[in-house]
Amino acid sequence: MRKLVRYLGEYKLESVLGPLFKLLEASFELFVPLVMAQIIDIGIKNRDAVYVLKMGGLLVLLGVIGLVCALTAQYFAAKASVGFSTALRNDLFAHIGSLSYNEQDKIGTSTLITRMTSDINQIQSGMNLALRLLLRSPFVVFGAMVMAFTVDVRAAMVFVVAIPALNAVVFGIMAFSMPLYKKVQRQLDQVTLATRENLAGARVIRAFNRQEDEVSRFDSSNDMLVHFQIFVGKISALMNPLTYVIINLAIVAVVWISGKQVDAGIITQGETVALVNYMSQILVELIKLANLIVSISKALACANRVSIIFEEKSSITDPAPGEGKGKVLSGAKVCFRQVDFQYQGAKEDSLSGIDFTVEPGQTIGIIGGTGSGKSSLVNLIPRFYDVREGAVLIDGKDVREYPLQELRHKIGVVPQKAVLFKGTLRENMQWGKKGATDEEIYRALEIAQALEFVESKEKGLDLPIGQNGKNLSGGQRQRLTIARALVKQPEILIMDDSASALDFATDARLRKGIRESTRGMTVFIVSQRATTIRNADQILVLDDGQLVGRGTHQQLLQDCEIYREICLSQLSKEEVQ
């Protein structure tokens with residue numbers, strides 16, 4: 001939590017004024033029992049109605065001033081806590097965006113979502129309560145004890161015994177419950193994961209008629225969350241009855257002792273009432289403090305979870321300042337030099353001994369069986385992952401020596417999964433190039449074979465795109481993601497099995513359009529279809545993470561058995577030749 005307190009930096013004034021006004025409210029509240037004692041000992045005893053009304057007006061005035069102070073404190077506390085959580089959420093979102101695929105894979109999407117939403121909301125609530133009550137409740141508790149000593153030292157000794165006992169109960173339960181709240185939040189991650197998977201895979205679940213199984217899985221995860229919450233709730237629920245028992249025993253002791261003092265004429269009846277009122281104030285404040293401790297326990301547990309994300313540093317970083325100065329990509333010659341690559345946590349390499357060179361302007365086809373490492377290979381070029389051994393070079397310079405922004409600005413990537421964002425078609429296309437003109441966008445749409453269906457929608461570039469492009473077919477989404485990459489006119493274009501949803505005729509027109517319109521651009525085409533890559537300048541054949549074939553279509557038919565098997569399984573003998 002200490003690492004996150006810096007987000008209160010812009011709200012230092014509010015963070016001071018909030019507790020300060022709460023302390024002012026508490027100060028006025030501590031005078032109320034003394035005023036009541038005066039009303040009883042003077043006004044009621046002497047049947048002086050004027051004095052009772054005067055002191056009653058003083059009570060009302062104290063109440064109004066306290067209310068104004070409380071509202072002011074609430075305003076400042078709310079402003080500070082909301083501003084704190086807003087800045088924290090913005091920075092966490094930016095930090096998550098800076099993490100490499102390695103870290104995001106390790107942490108998990110569901111956990112990141114929970115920490116961005118539920119955890120930060122819990123921290124905000126805890127911060128708000130802390131600013132209002134963390135100083136007020138102890139101040140009232142110890143203030144009431146001090147005021148009790150001004151009334152009667154002997155009766156006030158009960159306070160000296162009761163308050164440490166209450167603190168032991170409150171802080172003991174807090175120490176026990178904090179680890180349990182962390183467990184609750186971890187289980188909430190699992191519920192979020194199950195929910196996310198069910199929403200994302202709703203069609204698959206229905207296609208395989210697995211609704212009941214998924215409901216059962218969700219119920220199991222949710223029941224576990226409820227079990228944890230009930231258990232920690234039972235622990236926290238002990239706080240109120242235990243504090244009530246201690247306080248009521250203390251009140252009995254105060255009445256017993258002060259009653260004897262009244263009989264002896266040492267203190268008055270009004271002072272006895274004041275002592276009981278002070279004990280009641282302590283009871284109320286400790287109940288508030290108990291609830292505050294529960295909220296702070298949750299907030300601290302959530303703050304630790306958020307801090308863990310901030311402690312994660314991306315394994316993909318820019319080179320030190322000056323290392324890449326004056327170096328720009330030109331011609332986009334790509335070389336893999338004895339590259340070995342392994343995913344974090346994996347026991348074996350996904351790629352091993354990869355070595356090849358791509359000349360500027362060449363089109364490279366990459367083919368192989370499922371899990372052979374095709375996507376892993378092309379993901380190393382824009383540094384989505386870093387190699388374990390060897391190097392990936394562009395124009396003779398290791399990609400790790402290029403600034404990330406400059407490197408990725410020169411590379412256009414069409415991912416395996418077509419992802420579009422809610423907005424207009426124009427806004428989605430301008431992801432590829434900020435400020436791209438309509439002419440540039442229409443040109444890219446034409447090359448990607450998307451212009452025809454866009455024009456048929458009649459709204460042109462103002463065509464609304466639903467979340468993740470759900471209002472478009474799979475083939476339409478793929479063509480738009482290809483167009484988005486082409487808008488930026490990159491020097492290196494990577495198409496990672498991005499035409500799998502297209503029919504053969506559209507795929508053929510797409511390949512022709514790219515070949516004729518991207519001269520001088522180095523193109524990597526990953527595909528399961530032999531027809532898609534057969535006309536490439538160079539074809540790479542991968543098998544179990546190793547490069548088992550390299551050459552043209554005709555060369556590989558003669559020299560590479562795996563490539564020949566792939567072609568024969570997809571094409572007729574006439575087409576193979």
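In this predicted model, Asp 386 touches Ser 315, Ile 316, Phe 341, Leu 380 and Arg 400, when residues up to four places away in sequence are not counted. Asp 386 lies in the loop between α11 and β4. Another residue to locate from here is Tyr 343, which is 43 residues apart from Asp 386 along the chain, with 9.5 Å between the two C-alpha atoms.

The loop that holds Asp 386 also contains Arg 383, since the stretch between α11 (374-379) and β4 (389-394) is where Arg 383 is found. The backbone of Arg 383 deserves attention: its phi is near 65°, a positive value in a residue other than glycine. Is Arg 383 buried or exposed? With a relative accessible area of 2%, Arg 383 is buried, because a residue under 20% counts as such.

The strand that follows this loop, β4, belongs to a sheet. Strands of a sheet pair through backbone hydrogen bonds, either parallel or antiparallel. Here, an open sheet of 4 strands has the order β2-β1-β4-β5, and its pairing is antiparallel. The edge strands are β2 (351-358) and β5 (397-398), each of which pairs on one side only.

The sheet may be followed strand by strand in that order. β2 and β1 (residues 334-341) are paired in the antiparallel sense over 5 bridges. Within this pairing, Val 334 stands opposite Val 358 in β2. On moving to the next pair, one finds β1 joined to β4 by 5 bridges, and these strands run antiparallel. Arg 337 can serve as a marker here, as the residue opposite it in β4 is Ala 391. The final pair consists of β4 and β5, which are antiparallel and share 2 bridges. Ile 394 has Lys 397 in β5 as its bridge partner. What do β4 and β5 form together? They form a hairpin with 2 residues between them, and Asp 395 in the turn has a positive phi of about 55°. In a regular strand the side chains alternate between the two faces of the sheet.

A positive phi also appears elsewhere in the chain. Asp 544 has a phi of about 55° although it is not a glycine. The place of Asp 544 is the loop between β11 (538-543) and β12 (546-551). The relative accessibility of Asp 544 is 65%, so this residue counts as exposed, the cut-off being over 50%. Arg 383, by comparison, was described above as buried at 2%.

Two further residues illustrate burial within regular elements. Val 526 is part of strand β10 (residues 522-526). Because its relative accessibility is 3%, Val 526 counts as buried. Which residues does Val 526 contact, once neighbours within four places in sequence are left aside? They are Ile 366, Lys 374, Val 378, Met 495, Asp 496, Asp 497 and Ser 498. The C-alpha atoms of Val 526 and Gly 365 are separated by 6.0 Å, while 161 residues separate these two along the chain.

The second example is Glu 14, found in helix α1 (residues 12-44). Glu 14 has a relative accessibility of 10% and therefore counts as buried. With neighbours within four places in sequence left aside, Glu 14 is in contact with Pro 19, Phe 76, Lys 79 and Ala 80.

The chain may now be considered as a whole. The chain has 21 helices and 12 strands. Its radius of gyration is 35 Å, well over the 25 Å that the globule rule gives for 577 residues, so the chain is more spread out than a compact globule. Along its principal axes, the C-alpha trace spans about 120 × 55 × 45 Å.

Further totals describe the interior and the surface. Of the 577 residues, 48% count as buried. Among contacts with a separation of 6 or more, 76% are accounted for by residues 24 or more positions apart. About 28,700 Å² of the chain is exposed, and carbon and sulfur atoms supply 57% of that area. Finally, the chain has 64 positive and 59 negative charges, and their mean positions are 4 Å apart.

Methods
Residues numbered from 1 in each chain as written. Predicted model: local features only at pLDDT ≥ 70, side-chain atom pairs only at ≥ 80, totals over all residues. Heavy atoms only, no water. Pairing = 2+ DSSP bridges. Buried < 20%, exposed > 50% of the residue type's maximum accessible area, 1.4 Å probe, protein only. Rg over C-alpha atoms; globule rule 2.2 N^0.38 Å. Contact = heavy atoms within 4.5 Å. Areas by Shrake-Rupley, 256 points an atom, 1.4 Å probe, with all protein chains shown as cover. Lys, Arg positive; Asp, Glu negative; His and termini not counted. Charge placed at Lys NZ, Arg CZ, Asp CG, Glu CD.
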